[in-house]
Amino acid sequence: MTEKNNWLDNIKWGQDGLIPAIAQDIHTQRVLMVAWMNREALQLTAAEGRGIYWSRSRQKLWRKGEESGHVQVLHELRLDCDADVIILMVEQIGGMACHTGRESCFYRVLRGGEWQSVDPVIKDPEHIYEHKHE
């Protein structure tokens with residue numbers, strides 16, 4: 001291991017080799033999404049300056065925006081006090097982080113005992129991923 005990657009050794013990786021990663025908008029401070037990173041994803045995120053995650057369902061690296069074009073440009077990485085959660089301060093290209101076409105994955109609010117969608121759909125997901133259906 002090279003010395004310049006020693007910062008990765010300061011992280012308390014889970015038993016599965018993953019750490020939760022929160023993407024937060026650098027301008028509005030809004031939490032956009034939560035995903036998972038393995039060591040390679042975090043190292044590549046820092047090296048490439050963009051949000052790169054580990055897809056647990058697909059068991060592979062996932063470069064945010066590789067299919068939708070909604071890339072997350074990295075401005076800063078932060079590690080919490082227990083060294084077991086990462087925050088990525090990002091600029092969300094296209095203004096949408098959620099696969100539902102919304103700004104944030106956190107678009108539902110508990111009101112009167114029910115989850116209510118309070119954020120508008122900016123772009124229909126069928127149009128975001130339309131090239132996948134061809």
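This report describes salt bridges and two unusual backbone angles in a predicted model.

The structure holds six salt bridges, and three of them are listed in the table below, each with the distance between nitrogen and oxygen.

| Salt bridge | N to O distance |
|---|---|
| Asp119 and Arg30 | 2.3 Å |
| Glu67 and Arg58 | 4.0 Å |
| Arg78 and Glu76 | 2.7 Å |

The pair of Asp119 and Arg30 links distant parts of the chain, since Asp119 sits in the loop between strand S8 (114-117) and helix H2 (125-128), while Arg30 belongs to the loop between S1 and S2, 89 residues apart. Asp119 is buried because its relative accessible area of 17% falls under 20%, whereas Arg30, at 23%, counts as partly exposed. These two residues are also linked with Glu103 in a network of salt bridges.

In the second pair, Glu67 is partly exposed at 29% relative accessibility, and Arg58 is likewise partly exposed, with a relative accessible area of 38%. In the third pair, Arg78 is partly exposed at 48%, and Glu76 is partly exposed at 33%.

Turning to the backbone, Gln29 has a positive phi near 70° although the residue is not a glycine, and its place is in the loop between strand S1 (19-25) and strand S2 (31-37). Gln59, which is not a glycine either, has a positive phi of about 55° and lies in the loop between strand S3 (52-55) and strand S4 (60-63). Gln29 counts as partly exposed, with 43% relative accessibility, but Gln59 is exposed because its relative accessible area of 52% is over 50%.

Terms used. Residues are numbered from 1 along each chain as its sequence is written. This is a predicted model: local features need pLDDT of at least 70, side-chain atom pairs count only at pLDDT 80 or more; totals for chains, interfaces and linings use all residues. Side-chain values use heavy atoms; hydrogens and water are left out. Helices (H or I, at least four residues) and strands (E, at least two) are DSSP runs, numbered from the N terminus. Buried means under 20% relative accessible area, exposed over 50%, partly exposed in between (1.4 Å probe, protein chains only). A salt bridge is a side-chain nitrogen of Lys or Arg within 4 Å of a carboxyl oxygen of Asp or Glu.
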